[in-house]
Amino acid sequence: MDNGNLGVSHLAWCGLVALHMARRDGLSSSAAQDNLFLVRWLAVAEKQRRFSRGLAGDISWLLKEGRGKGLQADLPGKLDYLWRAGSGNLGAQNDLYRLQHALQAVKLTGWIYMVLAGREWCGRHQLRLSPTVSGVYLCRSALDKGFDEHGRQTAPLSARLTGELPALDAILKRSGWRRVPVPGNDALLHHLLAEDFPAECG
């Protein structure tokens with residue numbers, strides 16, 4: 001998806017407004033109904049050509065996601081991401097929000113994203129990762145302890161990263177985050193740091 005396209009941001013905004021009105025009017029009151037409403041809304045938009053021809057591929061992709069993955073497609077979340085990506089107000093958000101935004105983008109591009117429990121992170125039951133499959137794996141305890149009540153980062157966020165790291169760097173940078181490799185025997189281990197978090201703390 002070309003989320004740099006202003007038309008995509010407009011499409012997402014229209015979808016979110018339509019969903020808000022459906023909720024207000026009692027036409028949708030659950031996540032399953034939200035997904036069904038948006039699939040129908042996108043299908044009508046595609047059939048009636050409500051948006052420019054340049055957005056046909058984006059609408060088709062969203063429809064495929066919604067029909068194929070159901071609730072797991074998280075169409076409201078995808079539309080929210082696409083709208084915020086083009087609205088220019090991301091930099092005003094707190095560290096945690098911007099990280100969530102980056103991770104949503106990671107999932108949109110087809111990367112694996114997982115939050116691992118302690119036993120999956122280290123020890124005998126540590127999850128085995130393929131260096132060739134693009135993925136972001138976070139440690140749950142680090143995620144729980146890494147932010148204050150205002151969403152500001154308070155500690156480096158441990159992550160194991162695999163695959164095309166330059167592509168990940170571009171996503172992180174857009175959201176005001178960066179990665180710093182952790183010296184040692186684990187080549188996949190990095191710290192994720194917000195742009196104003198001191199590098200020496202990483």
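Reader: Which pattern of helices and strands does the protein chain follow when read along the sequence?

Author: Happy to start there. This is a predicted model, and its pattern along the sequence is α-α-α-α-α-β-α-β-α-β-α-β-β. In total, the protein chain has eight helices and five strands. The C-alpha atoms fill a box of roughly 55 × 35 × 30 Å along the principal axes.

Reader: Let me pick out one strand. Is β3 enclosed or open, and how do I read that?

Author: Look at burial residue by residue; buried means under 20% relative accessible area. In strand β3, residues 157-162, six of the six residues are buried, so the strand is largely enclosed by the rest of the structure. For comparison, buried residues make up 40% of the 202 residues in the protein chain.

Reader: Which residues of β3 cover each side?

Author: The general idea first: in a regular strand the side chains alternate between the two faces of the sheet. In β3, one side carries L157, A159 and L161, and the other carries S158, R160 and T162; all are buried.

Reader: Which strands are joined to β3 by bridges?

Author: Bridges tell you who pairs with whom. Strand β2, residues 135-139, is joined to β3 by four bridges, and the two run antiparallel. Here Y137 has R160 as its bridge partner in β3. Strand β5, residues 189-194, is also joined to β3 by four bridges, again antiparallel. In that pairing, L157 stands opposite L192 of β5.

Reader: Now a loop residue. Where is Q153 found, and is Q153 buried or exposed?

Author: Loop residues deserve the same check as strand residues. Q153 is found in the loop between α7 (140-145) and β3. With a relative accessible area of 8%, Q153 is buried, because that value falls under 20%.

Reader: What does the side chain of Q153 reach?

Author: For a buried polar side chain, look for backbone atoms. The side chain of Q153 reaches the backbone oxygen of A155 at 3.0 Å. A polar atom of the Q153 side chain also lies 2.7 Å from the backbone nitrogen of A194. Leaving aside residues up to four places away in sequence, Q153 touches several residues, including D95, W177, L192 and F197.

Reader: And on the outside, which residues make a nonpolar surface patch?

Author: I112, M114, L127 and V133 make one of about 260 Å². V133 sits in the loop between α6 (118-121) and β2, and at 36% relative accessibility V133 counts as partly exposed. Over the protein chain, about 11300 Å² is exposed, with carbon and sulfur atoms supplying 52% of it.

Technical notes. Residues numbered from 1 in each chain as written. Predicted model: local features only at pLDDT ≥ 70, side-chain atom pairs only at ≥ 80, totals over all residues. Heavy atoms only, no water. Buried < 20%, exposed > 50% of the residue type's maximum accessible area, 1.4 Å probe, protein only. Pairing = 2+ DSSP bridges. Polar contact = N/O pair within 3.5 Å; in protein donor to acceptor, adjacent residues only side chain to side chain. Contact = heavy atoms within 4.5 Å. Patch = residues over 30% accessible without salt bridge, like charges linked within 9 Å, V, L, I, M, F, W, Y side chains within 5 Å. Areas by Shrake-Rupley, 256 points an atom, 1.4 Å probe, with all protein chains shown as cover. Salt bridge = Lys/Arg side-chain N within 4 Å of Asp/Glu carboxyl O.
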